[in-house]
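Let's walk through this model together, starting with its open space and working back to the packing around it. Have the structure open and turn it as you read.

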Amino acid sequence: MCSRTPRSSRTGRPRSAEADEAILEATRAALVELGWSKLTMGDVAGRAGVAKTTLYRRWANKSELVVDAVAVLFDELELPDLGSLRADIEHVVLQFAALLERPETKTALMAVVAESTRDEPLRERIRASIVDRQKRLVLEGRVRAQRRGELPADRDLPAVGTTDDLIFDVIAGAVVHRALVSAEPVDEPWVARLSALLVGGLGAAAAGDRNA
């Protein structure tokens, strides 16, 4: 899946996709080498071969820059049709785990989440640039499972968004906690148990809706 260029409300000269890509790549490299505390906009500009003013036309500070640098990595996640909801879930969870294993993702994500605890605008940017964009995977998986007949069609449309949010939170929370907090492997046996739990829960919820 193609990476997306981060959006900005700033005005000025037209954005250069090549410059953005170089800047975001330089940001990730600098994070791995220097860590969050030593990372500066000037260092990123030097690595990317652009003027520091170019960065500030696109990002107000390094927090925004780092969020966008990691957001394009999450845009690489995809949900191929493997024939069943369980197989689809297992595939995307293993992709997610592999992404979290990359040093640049791990460093960036942990840093911006920590910073966001005292920076509400940064928290909103994380939600918009990473969380909300990746909820598309849950929607794709649910719609595909309904077409296969694995899940019933939606009857309570207002509740659909809430359910999708909950599924995303369960998957993302479990994987991030295991990989980055507990430092335990997100391997195929663990992912199989997680997907079985999710599919079983979705089936039980659907049956409850039919009997309601």
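By class, the lining of the largest pocket breaks down into 24 nonpolar, five polar and five charged residues. For that tally, Ala, Val, Leu, Ile, Met, Phe, Trp, Tyr, Cys and Pro are nonpolar, Asp, Glu, Lys and Arg are charged, and the others, Gly among them, are polar. A pocket here is an open set of points on a 1 Å grid over the protein atoms alone, where a 1.4 Å probe fits and protein lies on both sides within 12 Å along at least five of seven lines; lining residues have an atom within 4 Å of a point. The largest one holds about 740 Å³ of space, a volume filled by probe spheres set on the points, with points joined across faces, edges and corners. Of its 34 lining residues, Phe96, Phe168, Ile171, Ala172 and Gly173 lie nearest the centre. H9 brings the largest share of the lining, seven residues, while H5, H6, H7, H8 and H10 are among the helices that each supply at least two.

A word on what you're looking at: this is a predicted model, where local features need pLDDT of at least 70 and side-chain atom pairs count only at pLDDT 80 or more, while totals for chains, interfaces and linings use all residues. Numbering runs from 1 along each chain as its sequence is written, and side-chain values use heavy atoms, with hydrogens and water left out.

Now zoom out. The protein has 10 helices and zero strands; these are DSSP runs numbered from the N terminus, with H or I over at least four residues for helices and E over at least two for strands. Of its 212 residues, 41% count as buried, meaning under 20% relative accessible area with a 1.4 Å probe and protein chains only (exposed is over 50%, partly exposed in between). Among contacts (heavy atoms within 4.5 Å) with a separation of 6 or more, 68% join residues 24 or more positions apart.

What sits in the middle of the packing? The largest nonpolar core has 55 residues, and Leu65, Phe74, Val93, Leu100, Val175 and Val186 have the most contacts inside it. Helix H4 (residues 62-74) gives the most to this core, nine residues. Such a core is a set of buried Ala, Val, Leu, Ile, Met, Phe, Trp, Tyr and Cys residues joined through side-chain atoms within 4.5 Å.

Take Val93, in helix H5. Val93 counts as buried because its relative accessibility is 1%. Leaving aside residues up to four places away in sequence, Val93 touches Ile171, Val175, Val186, Val191 and Leu194. Val93 and Ile171 are 78 residues apart along the chain, yet their C-alpha atoms are separated by 7.6 Å. With that same sequence cut-off, Leu100 has Phe74, Val175 and Leu180 among its contacts.

Over on helix H2 (residues 41-48), the buried residues are Met41, Val44, Ala45 and Ala48. They lie on the same side of H2 because they cover an arc of only 100° around the axis, taken from the directions from the helix axis to the C-beta atoms. Their cover includes H1, H3 and H4.

One last stop is the loop between H9 and H10, home to Ala183. Most residues other than glycine have a negative phi. Ala183 has a positive one, near 55°, and is exposed, at 61% relative accessible area.
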